[in-house]
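Here are my notes for you on this two-chain model. Have it open beside you while you read, and go through the points in order.

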Amino acid sequence: MPDNNDRQNPSSLSRRQFLKGVGVVGAGSGLAAEMLGPEAEAAPAPLQKPPAGETLKPGMMPITLTVNGQASTMQVEPRTTLLNALRNHAEPPITGPKLVCDEGACGCCTVLVDGKTMYACMLLAVDVVGRKITTIEGVAKDGKLSPVQQAFVEKDAMMCGFCTPGFVMSVEAALHANPSATLDQIKSACAGNTCRCGTYPHIFEAAMSAASKMRGGA
Amino acid sequence: MAQQKPQKMKKIKTVKDINGVPTEVEIEVPDTGGPTWGPRGSHTILNHNIERVDGPAKVSGAAKYTYDVRVPGMLYGRILMSPYASADIESIDISPAEKIPGVKAVVALGNKSTKYEGDPVAAVAAITPEIAEDAVRAIKVMYKKRAHAVTYTQALKPDAPSVYQNAQGNIRKQGQRGDKAKADAAMAQAEAIVEHEFLIGMQHHACLETHGVMVDYRGDDNATVYASTQGTFTIPPDAANALSLKAEKVTAIVEYMGGGFGSKFGIDLPGQIACRLSKMAKAPVRMMLSRPQEFLAAGNRNGALQRVKAGASKDGKLVAMIAEQYDLGGLGEGGLAALPYIYHVGTVYQQSNSLHTNQDSSRAMRGPGHPQTSFAMESIMDDLAAKIGMDPIEFRKLNTADPFYHRQLDTGAKEIGWERRPKTPGGGQAYGPYKSLKRGMGCGCATWGGGGHPECQVDVFIKQDGSIAVQVGTQDLGTGSRTYTAGIVAEEFGLPVKAIETRIGSSKYGQANASGGSTTTASLAPAVKVAAVNAKAQLLAAVAPMLKAKPEELSAANGKIFVTSDAGKSLNWKQACATLGASGISARGQWSNELAGNGVHGAQFAEVEVDVETGHVRVIKMVGVQDCGLPLNRRAVQSQLNGGMIQGLGYALLEEHWVDSATGNMLNASLEDYKVPGTMEIPEMVSLIDDGDTREVVIGMAEPAAIPGASAIANAVFNACGARITSLPITPDKVLTALGAVKA
């Protein structure tokens with residue numbers, strides 16, 4: 001009996017696999033699929049808006065994402081996650097967001113979509129076309145670290161550094177929403193982020209220090 | 001015959017094993033006149049907080065890990081792993097995978113059977129990871145399931161299937177010491193006796209960057225292998241072998257790596273498979289394990305089954321111990337530290353065994369073999385202290401002579417407020433809205449050897465333009481080795497850390513040891529120091545004529561080279577370097593025994609709150625006190641200590657590999673279901689460096705930091721509610737069950 005039905009190659013649907021599937025077979029016009037499918041004769045124009053209600057056929061297709069203020073056109077499949085699009089298809093590669101759990105459990109791929117923290121592994125790239133995506137690479141302005149980044153460096157709020165981009169994004173979003181955030185609110189804002197080296201105490205210190213600076217304190 | 005000059009001697013402090021107890025002693029050693037670190041208080045950079053030199057790269061996403069390396073034409077590798085704990089492979093058909101557009105290489109690994117869930121069976125390389133996943137799914141494998149033994153109870157059954165065919169059962173005897181009859185006789189004299197069976201499951205490293213490599217090979221006579229590894233130099237020989245290249249034609253790059261904790265040495269089977277695929281496709285292949293694969297096939301901290309009986313005299317001396325240990329390391333032999341761990345017991349009889357199961361082989365994990373033994377021993381300590389009515393700290397001091405432990409226990413007790421603890425287990429006032437919350441405190445101690453080896457070759461380069469670089473092929477796992485390497489050079493030359501360019505993580509640079517067993521600092525730092533001293537000697541010799549002085553009359557500090565007795569006679573750094581020839585200075589340093597030490601201790605404390613209605617345990621505060629010789633970067637030492645305690649917290653309350661005895665499958669091979677501590681579990685934490693340790697040597701301290709945290713938490717639970725939980729993790733069901741026993 002052939003049996004590849006294991007967790008490394010799931011044919012049983014996980015939550016995200018289900019989402020990925022919907023991205024491919026969502027009900028809608030076959031014409032759009034013809035236009036966008038790989039067998040279309042002329043090179044298709046990049047997808048300009050999310051395929052609401054349209055069917056996208058499997059295969060590579062061009063999309064344009066707005067990442068850190070720049071338009072970036074790349075070839076992806078409809079099932080490609082935003083995370084994999086940034087890491088594997090964008091030119092140059094955008095690898096600050098990390099692939100760790102690939103199921104929305106660790107927060108290492110946290111990005112901002114229209115200013116809100118999102119797990120890039122839980123979004124399909126085609127669904128965020130036209131939306132404002134900010135990754136860790138877009139946080140420093142003109143080569144100058146943000147107060148949050150600076151505080152992470154000063155307080156030694158990292159060890160191996162693999163979770164660091166995700167934590168910085170979560171703290172950035174929390175402090176921009178509320179520069180007076182309490183420690184408990186910071187913990188809550190970062191509850192979706194995981195650090196295995198155990199740098200949490202210094203991350204908390206860095207967040208509180210950055211908050212103080214952002215409020216104009218010492 | 002020429003009279004020999006009496007050798008100059010000097011006194012140094014070191015740790016010696018006296019009657020099985022690591023004890024600080026002062027010894028005389030020949031004074032070779034080599035470099036020394038200098039006493040505490042003499043440093044301006046070391047023994048201070050140094051900002052991580054790679055901090056800006058890590059907070060801005062610029063740091064490139066193996067997982068981030070992408071080159072044109074690179075393929076994505078994926079491994080098909082066995083879904084069965086034990087099976088024969090009857091046939092395998094890779095042709096459906098080969099037919100998928102975008103698939104560039106498919107290989108059946110040729111194994112006829114599998115011994116654990118996660119055993120690699122076949123692999124593919126494709127132009128996207130999505131297509132690679134389609135391809136492994138398309139491979140048709142015919143398995144014939146065999147009976148498995150995945151749990152220790154299955155493996156111990158008389159009719160258990162042998163995990164290793166042709167082996168007699170699944171137990172492998174590892175050793176025995178002491179005389180059972182003598183231990184029994186000593187036990188008969190004991191005033192108080194405690195006996196428990198301690199059971200701990202497997203813990204996972206859960207490195208955020210999964211194991212993997214990017215093999216940049218395009219069919220030529222050379223290759224570059226990027227690897228997420230703890231040992232840069234462990235990569236080239238094996239990769240060269242797998243690629244049929246000469247070892248010197250393979251360069252390993254480990255610029256950044258996302259956590260290892262003991263699990264990432266060598267190229268590993270996935271690395272070999274990646275090389276094979278790259279060779280077939282004549283294209284670069286990046287092969288990173290998926291998260292489930294990381295749980296199934298990238299190692300674990302071996303579990304442990306320990307049956308321990310111990311007795312104490314009325315006056316608080318440990319008189320007898322009878323112990324039986326089984327390490328549960330799956331297919332591997334994990335090993336456990338010997339009981340009675342750091343304490344002295346009059347008469348000991350101990351037996352140790354490995355028990356094999358059909359699970360992935362265990363690997364080293366921070367303080368390998370120690371947290372398990374610590375949990376058993378420290379639990380026994382508090383139970384005995386309670387039985388004879390003695391304070392657990394006083395009881396510990398009576399049973400270890402080492403002044404390090406006495407000092408560290410006192411320091412930790414003061415910090416956590418030990419006097420506030422209930423004097424008898426469960427004796428505190430219940431509080432909270434339902435009067436269901438009870439608090440308690442506990443502690444535990446650690447020991448680790450560490451030490452250094454003469455492997456590292458460090459180069460320091462100074463150029464005419466004043467640029468200065470230090471170069472060695474070592475790797476930085478997140479411990480901060482890159483930063484202290486810069487710090488040591490900066491300290492020697494009196495320059496800011498930022499002035500030093502640090503190049504690490506390439507097998508093209510000078511040799512360095514793999515990072516395991518807390519040996520990096522004691523191996524690397526001395527060689528860095530010697531290289532800096534050698535470079536400085538060359539620089540001072542070049543500058544001396546300009547300052548009309550002898551080289552030995554010069555000092556370097558505050559960005560200047562000056563005459564020590566007359567600081568007015570000076571050159572700034574740029575002027576000094578301008579005196580160098582066009583080739584500048586190149587100096588190499590090797591390990592110096594006198595700069596490295598070994599033998600560290602550590603005490604950790606926890607205060608917890610137990611809800612006796614729900615069984616939930618919340619850690620309120622943890623305190624760690626850790627010695628490490630000279631702390632090179634205080635802030636990084638504190639980060640390590642925090643991290644060790646947090647991993648201990650996970651071990652105590654959250655983390656456990658669940659395996660289903662019926663199917664043989666792991667049930668929680670994901671970060672959703674295998675819970676590592678998150679922000680909500682983190683208590684108030686205090687990490688203290690034991691400055692009472694004045695040894696003028698450097699010693700690694702990553703392992704001891706991860707050892708006694710779980711023991712301290714288990715003892716705090718016992719102190720809070722009187723429930724002795726003999727199995728980790730301490731989950732609410734176990735607490736409630738144990739409390740039922742207390743009430744009955």
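The points below start with confidence, move on to the contact between the chains, and end with some strands.

1. First, keep in mind that this is a predicted model. It scores ipTM 0.95 and pTM 0.93. Chain B has an average pLDDT of 95, and 96% of its residues score at least 70. For chain A the average is 85, with 80% of the residues at 70 or above.

2. Where should you be careful in chain A? Two stretches have pLDDT values under 50: residues 1–13 and residues 21–41. The model does give residues 1–13 some company, with 36 contacts beyond four places in sequence. Residues 21–41 have 34 contacts beyond near neighbours in sequence. I'd go gently with any story built on those stretches.

3. Now look at where the chains meet. On the chain B side, 77 residues are in contact, and they touch 67 residues of chain A. Between them the two chains bury about 5,800 Å², with 52% of that on carbon and sulfur atoms. Which three residues of chain B give the most buried area against chain A? They are Val59(B), Arg70(B) and Leu208(B), which together supply 14% of what chain B buries there.

4. Next, the charged and polar pairs. The whole structure holds 41 salt bridges over all chains, and 7 salt bridges cross the interface of chain B and chain A. One to find on screen is Asp134(B) with Arg79(A), where the closest N and O atoms are 2.5 Å apart. There are also 34 residue pairs in polar contact across this interface, both residues being at pLDDT 80 or more.

5. Which parts of chain B face chain A? The elements giving two or more residues to that side are helix H1 (55–59), strand E3 (75–81), helix H3 (129–138), strand E8 (140–145), helix H8 (291–297) and helix H15 (634–653) of chain B. H15(B) gives the most, with 9 residues. Sorted by type, the residues on this side come to 36 nonpolar, 23 polar and 18 charged.

6. Another salt bridge worth a look is Glu655(B) with Arg196(A), whose closest N and O atoms are 2.7 Å apart. Why does this pair join two chains? Glu655(B) sits in the loop between H15 and strand E28 (684–689) of chain B, while Arg196(A) sits in the loop between helix H6 (183–189) and helix H7 (200–214) of chain A, so the link runs from one chain to the other.

7. Over to strands. In chain B, 3 strands make an open sheet in the order E6-E4-E8, with antiparallel pairing. E6 (113–114) and E8 of chain B are at the edges with a single partner strand each, so one side of each has no neighbour in the sheet. Strand E4 (residues 87–93) of chain B pairs with E6(B) over 2 bridges, and Asp88(B) has Ser113(B) as its bridge partner in E6(B). As background, strands of a sheet pair through backbone hydrogen bonds, either parallel or antiparallel.

8. Last, a hairpin in chain A. Strand E3 (residues 110–113) and strand E4 (residues 116–119) of chain A are paired in the antiparallel sense over 4 bridges. Val111(A) stands opposite Met118(A) in E4(A). There are 2 residues between E3(A) and E4(A), and in that turn Asp114(A) has a positive phi of about 50°.

Key. Residues numbered from 1 in each chain as written. Chains lettered and ligands numbered in written order. Predicted model: local features only at pLDDT ≥ 70, side-chain atom pairs only at ≥ 80, totals over all residues. Heavy atoms only, no water. Pairing = 2+ DSSP bridges. Contact = heavy atoms within 4.5 Å. Buried area = accessible area lost by both parts, 1.4 Å probe. Salt bridge = Lys/Arg side-chain N within 4 Å of Asp/Glu carboxyl O. Polar contact = N/O pair within 3.5 Å; in protein donor to acceptor, adjacent residues only side chain to side chain. Nonpolar A, V, L, I, M, F, W, Y, C, P; charged D, E, K, R; others polar. pLDDT = per-residue confidence, 0-100.
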